[in-house]
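Let's take a walk through this structure together, one piece at a time. Have a look at the picture, and then we'll start with how the helices meet.

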Amino acid sequence: ENGTLGPYDIFNVANNGDLFAQKLMDYVVDQFVSLIQDIRFTCDPQEIIIQGMYSNAGSYFRDNLLNK
């Protein structure tokens with residue numbers, strides 16, 4: 001609309017197969033994996049709940065996160 005690109009725009013096009021957006025999401029997934037590993041080793045939680053915008057990021061983010 002106003003020439004800006006927000007996270008939901010990236011999520012949508014990554015979920016629809018855009019290779020550049022998927023590369024960006026791959027980087028985000030790698031960062032999440034690193035953070036989750038740190039949390040697991042530090043706190044040993046029974047579960048980790050992802051809230052906020054990433055809980056609505058869609059299948060590309062979710063599936064790649066679960067597969068790592």
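Start with helices α1 and α2: their axes come within 8 Å and cross at roughly 115°. Here, axes are lines fitted to C-alpha atoms, for helices over the stretch in contact, and angles run from 0 to 180 degrees between N-to-C directions. Helices (H or I, at least four residues) and strands (E, at least two) are DSSP runs, numbered from the N terminus. That crossing makes α1 roughly perpendicular to α2; angles of 65 to 115 degrees get that label, those under 35 count as roughly parallel, those over 145 as roughly antiparallel, and the rest as oblique. The crossing of α1 past α2 is left-handed, a word used if the near helix is turned anticlockwise from the far one by less than a right angle, with right-handed used if clockwise. On the α1 side the contact is made by I10, F11, V13 and A14, and on the α2 side by A21, Q22, L24 and M25. Contact, by the way, means heavy atoms within 4.5 Å. Sorted by class, this α1 and α2 contact has seven nonpolar residues, one polar and no charged ones. For those classes, Ala, Val, Leu, Ile, Met, Phe, Trp, Tyr, Cys and Pro count as nonpolar, Asp, Glu, Lys and Arg as charged, and the others, Gly among them, as polar.

Before going on, a word on what you're looking at. This is a predicted model, where local features need pLDDT of at least 70 and side-chain atom pairs count only at pLDDT 80 or more, while totals for chains, interfaces and linings use all residues. Residues are numbered from 1 along each chain as its sequence is written, and side-chain values use heavy atoms, with hydrogens and water left out.

Now step back to the whole protein. It has three helices and zero strands, so to speak an α-α-α run from the N terminus on. Its C-alpha atoms fill a box of roughly 45 × 20 × 15 Å along the principal axes. Of the contacts with a separation of 6 or more, 64% are between residues 24 or more positions apart. The accessible surface is about 5,400 Å², and carbon and sulfur atoms make up 51% of it; such areas come from the Shrake-Rupley method with a 1.4 Å probe, and for residues only the protein chains shown count as cover. Among the 68 residues, 22% count as buried, meaning under 20% relative accessible area, with exposed meaning over 50% and partly exposed in between (1.4 Å probe, protein chains only).

Let's zoom in on F11, which sits in helix α1 (residues 7–15). Is F11 buried or exposed? It counts as buried, at 3% relative accessibility. Leaving out residues up to four places away in sequence, F11 touches M25, M53, Y54, N56 and A57. F41, by contrast, is 30 residues from F11 in sequence and 29 Å away in space, C-alpha to C-alpha.

One of those partners, N56, belongs to the loop between α2 and α3. With a relative accessible area of 53%, N56 is exposed. Apart from residues up to four places away in sequence, N56 touches Y8 and F11. That same loop between α2 and α3 also holds D44, which is exposed at 63% relative accessible area. D44 has a phi near 50°, a positive value in a residue other than glycine.

On to the second helix pair. Helix α2 (residues 19–43) and helix α3 (residues 59–67) pack at about 45°, with their axes 9 Å apart. The two are therefore oblique to each other, and α2 passes α3 in a right-handed crossing. From α2, the contact takes in Q22, M25, D26, V28, V29, F32, V33 and I36, and from α3 it takes in Y60, F61, N64 and L65. Nine of these residues are nonpolar, two are polar and one is charged.

Finally, where does Y60 sit? It is in helix α3, and it is buried, with a relative accessible area of 19%. Beyond its neighbours within four places in sequence, Y60 is in contact with A14, N15, Q22, M25 and D26. Q22, in helix α2, is buried as well, at 15%. Setting aside neighbours within four places in sequence, Q22 is in contact with A14, G17 and Y60.
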